[in-house]
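Student: I would like to learn how to read the features of a model like this one. Where do we begin?

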Protein chains: 2
Amino acid sequence: METLRERKRQRTRDALVRAALELFTTRGYEGTTVDDIAEAVDVSQRTFFRYFAGKEQAALAVHEMTVEHFLGAVRERPPHEAPMEALRQAVLEGWDTLNEVVESVVPLELFLRMFRVIESTPVLLAAHLRRSTEIEDTLARILAEREGLDVDADPRPRVLVAVFGGVMRLTERQWYADGDAGLDAMRALTVSYLEQVGPVLTGAWRTP
Amino acid sequence: METLRERKRQRTRDALVRAALELFTTRGYEGTTVDDIAEAVDVSQRTFFRYFAGKEQAALAVHEMTVEHFLGAVRERPPHEAPMEALRQAVLEGWDTLNEVVESVVPLELFLRMFRVIESTPVLLAAHLRRSTEIEDTLARILAEREGLDVDADPRPRVLVAVFGGVMRLTERQWYADGDAGLDAMRALTVSYLEQVGPVLTGAWRTP
DNA sequence: GAGGCTAGTGACAGCCACTGACAATTGACA
DNA sequence: TGTCAATTGTCAGTGGCTGTCACTAGCCTC
């Protein structure tokens with residue numbers, strides 16, 4: 001962020017994200033046109049598309065920042081932790097420090113509202129899920145390297161990450177279904193669901 | 001499929017699906033316009049949209065039939081089976097009998113080619129994944145009823161299905177990555193990944 | 001500090017997915 | 001056979017997205 005040019009560019013991009021999220025969370029995603037967003041920031045529609053590959057990308061831009069944050073947390077977990085525990089700690093750390101990451105662009109509250117728009121807008125949810133599978137691939141590679149395994153020869157990293165990813169998406173979905181829950185509720189759900197994975201596989205449900 | 005009207009309608013729909021899949025698998029999804037498909041069947045573009053809510057839906061139409069087939073198989077599993085085992089048997093049964101389901105509309109080989117187009121086309125993959133989460137919700141309800149549980153009070157059905165779903169999506173992804181594998185390879189991957197879920201969670205990877 | 005270079009932008013034209021409205025046609029059924 | 005309902009084609013329009021081209025503004029060199 002040195003030159004004036006780069007600063008201006010960053011400011012335009014942030015302004016577009018803010019305007020987009022503000023509009024999406026009030027008028028809805030489909031109810032907002034790209035022209036609306038561009039007009040709110042006073043740039044041309046063409047310029048919007050020079051910053052984002054599509055309307056979706058603008059909607060998911062802040063989310064993407066939190067993903068990078070989470071991946072960083074995973075990479076910095078101590079090597080002695082078991083793989084699943086490393087993932088668990090990294091997500092929890094992610095929720096706990098989400099505030100700082102998000103607030104550099106938009107208020108946390110706007111981010112949470114946008115989260116719900118994503119969950120409730122089919123095309124956004126779809127894009128979010130697709131991105132999640134890409135993240136799973138990255139995660140599998142990180143874990144494989146951690147454990148000194150070849151991710152293409154040993155299926156275990158991918159299987160573990162698949163299980164973890166499945167539970168994370170369940171967490172998001174249920175957090176959304178819960179209504180207007182906050183980050184603390186998200187954290188609690190994460191803990192709760194992850195600790196059920198083991199027991200649930202035994203299958204002796206009728207005799208608790 | 002009684003009246004002439006219903007038969008004609010079904011024939012038009014099947015023709016659209018066949019034409020769509022044929023074009024998608026040769027020219028690619030993005031490289032095919034709705035007009036192309038409509039023209040191939042000699043109907044207007046407007047008519048296409050009376051049969052499908054969008055280009056995506058036509059691309060996923062055959063897949064949707066296999067989903068219904070799978071859900072039926074789950075519902076008919078004997079009640080004494082443990083939940084995860086019921087899911088496991090139902091998927092395997094699904095792969096084994098896929099042929100009969102698919103061939104009523106398109107050749108199996110075309111379906112498999114289309115499967116690869118879905119996996120490699122971002123917007124289609126996204127739509128497919130979103131549909132998968134809806135299926136998971138249905139599955140959780142089926143399992144809950146099976147076990148006499150309240151799906152909203154007891155998280156276990158959803159957690160189990162989330163794990164299962166995660167592994168299934170991994171299966172699809174790896175099957176695609178394998179290149180030009182057939183249904184038997186898909187079946188083998190399913191078995192292999194599911195039996196690794198238990199061991200993988202213990203986390204003692206470095207001492208096999 | 002003048003002039004050239006390049007990134008960023010606006011304006012315009014055009015493609016394609018998708019929708020609403022209306023008129024024409026065709027099968028169903030009394 | 002005539003009426004009703006379902007199906008279809010045509011047309012017009014919206015919105016996401018892209019290519020092109022000329023213009024401006026920050027950057028860098030001499």
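Tutor: With a definition. A salt bridge is a side-chain nitrogen of Lys or Arg within 4 Å of a carboxyl oxygen of Asp or Glu. Here, Glu136(B) and Arg173(A) form one through their side chains, at 3.4 Å from N to O.

Student: What kind of model is this, and how are its parts numbered?

Tutor: The model is predicted: local features need pLDDT of at least 70, side-chain atom pairs count only at pLDDT 80 or more, and totals for chains, interfaces and linings use all residues. Residues are numbered from 1 along each chain as its sequence is written, chains are lettered from A and ligands numbered from 1 in the order in which they are written, and side-chain values use heavy atoms, with hydrogens and water left out.

Student: How many helices and strands does chain A have?

Tutor: Helices (H or I, at least four residues) and strands (E, at least two) are DSSP runs, numbered from the N terminus. Chain A has eleven helices and zero strands. Its C-alpha trace spans about 60 × 40 × 30 Å along the principal axes.

Student: What share of chain A is buried?

Tutor: Buried means under 20% relative accessible area, exposed over 50%, partly exposed in between (1.4 Å probe, protein chains only). Of the 208 residues in chain A, 53% are buried.

Student: How do I read contacts along the sequence?

Tutor: Contact means heavy atoms within 4.5 Å. Take the contacts in chain A between residues at least 6 apart in sequence: 64% of them join residues at least 24 apart.

Student: How is the size of an interface given?

Tutor: Often as the accessible area lost when the parts come together. Buried area is that loss, found with a 1.4 Å probe and summed over both parts. Between chain B and chain A the buried area is about 3,700 Å². Carbon and sulfur atoms give 69% of that area. In residues, 37 of chain B are in contact with 37 of chain A.

Student: How many salt bridges and polar contacts cross from chain B to chain A?

Tutor: The rule finds two salt bridges across the interface. A polar contact is a pair of N or O atoms within 3.5 Å; within protein, one must be able to donate a hydrogen and the other to accept it, and residues adjacent in sequence count only if both atoms are side-chain atoms. Four residue pairs are in polar contact between chain B and chain A, both residues being at pLDDT 80 or more.

Student: Which elements of chain B give two or more residues to the side that touches chain A?

Tutor: Helix 5 (83-96), helix 8 (122-147), helix 9 (156-177) and helix 11 (197-202) of chain B. Helix 9 gives the largest share, 13 residues. For classes, Ala, Val, Leu, Ile, Met, Phe, Trp, Tyr, Cys and Pro count as nonpolar, Asp, Glu, Lys and Arg as charged, and the others, Gly among them, as polar. This side of chain B has 23 nonpolar, five polar and nine charged residues.

Student: Back to Glu136(B). Is this residue buried or exposed?

Tutor: Glu136(B) counts as buried because its relative accessibility is 6%. Glu136(B) lies in helix 8 of chain B. Setting aside neighbours within four places in sequence, its contacts include Arg173(A), Ala162(B) and Arg169(B). The C-alpha atoms of Glu136(B) and Ala162(B) are separated by 6.9 Å, with the residues 26 apart along the chain.

Student: Now the DNA. Which residues come nearest to strand C?

Tutor: A residue is near a strand if one of its heavy atoms lies within 4 Å of it. Of the 23 residues around DNA strand C, Arg5(A), Thr47(A), Arg50(A), Arg46(B) and Lys55(B) come nearest. Sugar or phosphate supplies 55% of the strand C atoms within 4 Å of the protein, and bases the rest.

Student: Where do polar atoms meet strand C?

Tutor: An N or O atom in the side chain of Arg46(B) is 2.8 Å from a base oxygen. In the side chain of Thr3(B), an N or O atom is 3.4 Å from a phosphate oxygen. Helix 1 (4-27) and helix 3 (45-51) of chain A, together with helix 1 (4-27) and helix 3 (45-51) of chain B, each give two or more residues to this surface.

Student: And strand D?

Tutor: DNA strand D is surrounded by 22 residues. A polar side-chain atom of Arg50(B) lies 2.6 Å from a base oxygen of strand D. A polar backbone atom of Lys55(A) is 2.7 Å from a phosphate oxygen of strand D. The surface near strand D has six nonpolar, seven polar and nine charged residues.

Conventions:
Buried area = accessible area lost by both parts, 1.4 Å probe.
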